[in-house]
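Here is a short briefing on one protein chain. Keep the sequence and the structure open while you read.

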Amino acid sequence: MGMSRQDTAPGASAAIGAALYGLATRAVRRLPRDMSLTSAATLATLDRTGPRRITDLAAVEGVTQPAMTALVRVMEESGLVERRGDASDKRVTLVCLTEAGASYVRTRRQAGIHAFERLIGELTDDEVEALVAALPALKHLAELESQDREEPKQ
């Protein structure tokens, strides 16, 4: 019987969680305040998954359907999303990114990447190597998190 994760690294998960949470909150604070975090997250979801129903978006982003409907209306007025009928079901309306919406997501992502690149530039070579070694685990963590959010709970 192998050693459990708890035996090998007491408190490691909590320490890693605290470090990642600290990074995430700092990253969020640095983002441009040109729209709400929920709106920005919704655009990123649409960019990642393609067109979605308002009910799905509400579930993924953890807001009520009326709140998501209002957000979509505002983003539609800003030209970032559009509503289209679903070819397979005429009663369903899908929310889609416009070219301007896709461009917004790309620009915001690049700004976030550059902010981290600047900070990583101040680390030692050993520290950068440690982050490179952790990349597969970090990517897996991100995949787990998005699977968690993108399956609306029935």
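**Salt bridges and overall picture**

Glu-82 has a relative accessible area of 29%, so Glu-82 is partly exposed. This is a predicted model. The side chain of Glu-82 meets that of Arg-84 in a salt bridge, at 2.8 Å from N to O. Arg-84 is partly exposed too, with a relative accessible area of 43%.

**Overall layout**

- The chain has seven helices and three strands.
- Along the sequence, these elements follow the pattern α-α-α-β-α-α-β-β-α-α.
- The chain has 154 residues, and 23% of them count as buried.
- About 10,800 Å² of the chain is exposed. Carbon and sulfur atoms supply 58% of that area.
- Take the contacts with a separation of 6 or more: residues 24 or more positions apart account for 49% of them.

**Salt bridges**

- The count of salt bridges comes to six. The Glu-82 to Arg-84 pair is one of them.
- Asp-56 and Arg-52 form another, at 3.6 Å from N to O.
- Is Arg-52 buried or exposed? Arg-52 counts as buried, because its relative accessibility is 10% and the cut-off for buried is under 20%.
- Its partner Asp-56 is at 24% relative accessibility, so Asp-56 counts as partly exposed.
- Arg-106 forms a salt bridge with Glu-99, with the closest N and O atoms 3.1 Å apart.
- Glu-99 counts as exposed because its relative accessibility is 56%.
- Arg-106 has a relative accessible area of 43%, so Arg-106 is partly exposed.

**The nonpolar core**

- The largest nonpolar core has 18 residues.
- Which of them touch the most other members? They are Leu-43, Met-68, Val-72, Val-81 and Val-95.
- Several elements each supply at least two residues of this core: helix H3 (37-49), helix H4 (54-61), helix H5 (65-77), strand S3 (89-97) and H6.
- H5 gives the most to this core, with four residues.
- In soluble globular proteins, nonpolar side chains tend to be buried together.
- Val-72 is in contact with Ile-54, Val-81, Arg-83 and Val-95, leaving aside neighbours within four places in sequence.

**Helix H3**

- H3 has 13 residues. From first C-alpha to last, H3 reaches 18 Å, close to the 18 Å expected at 1.5 Å a residue.
- Which residues of H3 are buried? They are Ser-39, Ala-40, Thr-42, Leu-43, Thr-45 and Leu-46.
- An α-helix has 3.6 residues a turn, so residues three or four places apart point the same way.
- The buried residues of H3 pack against three helices, namely H4, H5 and H6. They also pack against strand S1 (52-53), strand S2 (81-86) and S3.
- Thr-42 lies in helix H3. At 0% relative accessibility, Thr-42 counts as buried because the cut-off is under 20%.
- Leaving aside neighbours within four places in sequence, Thr-42 is in contact with Leu-57, Glu-61, Met-68 and Met-75.
- Gly-50 comes just after H3 and takes a positive phi of about 85°.

**Arg-73 and Arg-83**

- Arg-73 is found in helix H5.
- Arg-73 has a relative accessible area of 43%, so Arg-73 is partly exposed.
- Arg-73 and Arg-83 are ten residues apart along the chain. Their C-alpha atoms are separated by 9.5 Å.
- Arg-83 is also among the contacts of Val-72.

**A nonpolar surface patch**

- Which residues make the nonpolar surface patch of about 450 Å²? They are Leu-23, Phe-116, Leu-119, Ile-120, Leu-123 and Leu-131.
- Helix H6 (residues 99-120) gives the largest share of the patch, three residues.
- H6 also supplies at least two residues of the largest nonpolar core.
- Leu-131 lies in helix H7 (residues 125-150).
- Why does Leu-131 count as partly exposed? The reason is its relative accessibility of 37%, because partly exposed lies between the buried limit of 20% and the exposed limit of 50%.

Key
Residues numbered from 1 in each chain as written. Predicted model: local features only at pLDDT ≥ 70, side-chain atom pairs only at ≥ 80, totals over all residues. Heavy atoms only, no water. Patch = residues over 30% accessible without salt bridge, like charges linked within 9 Å, V, L, I, M, F, W, Y side chains within 5 Å. Areas by Shrake-Rupley, 256 points an atom, 1.4 Å probe, with all protein chains shown as cover. Salt bridge = Lys/Arg side-chain N within 4 Å of Asp/Glu carboxyl O. Buried < 20%, exposed > 50% of the residue type's maximum accessible area, 1.4 Å probe, protein only. Core = buried A, V, L, I, M, F, W, Y, C linked by side-chain atoms within 4.5 Å. Contact = heavy atoms within 4.5 Å. Expected span 1.5 Å × (residues − 1).
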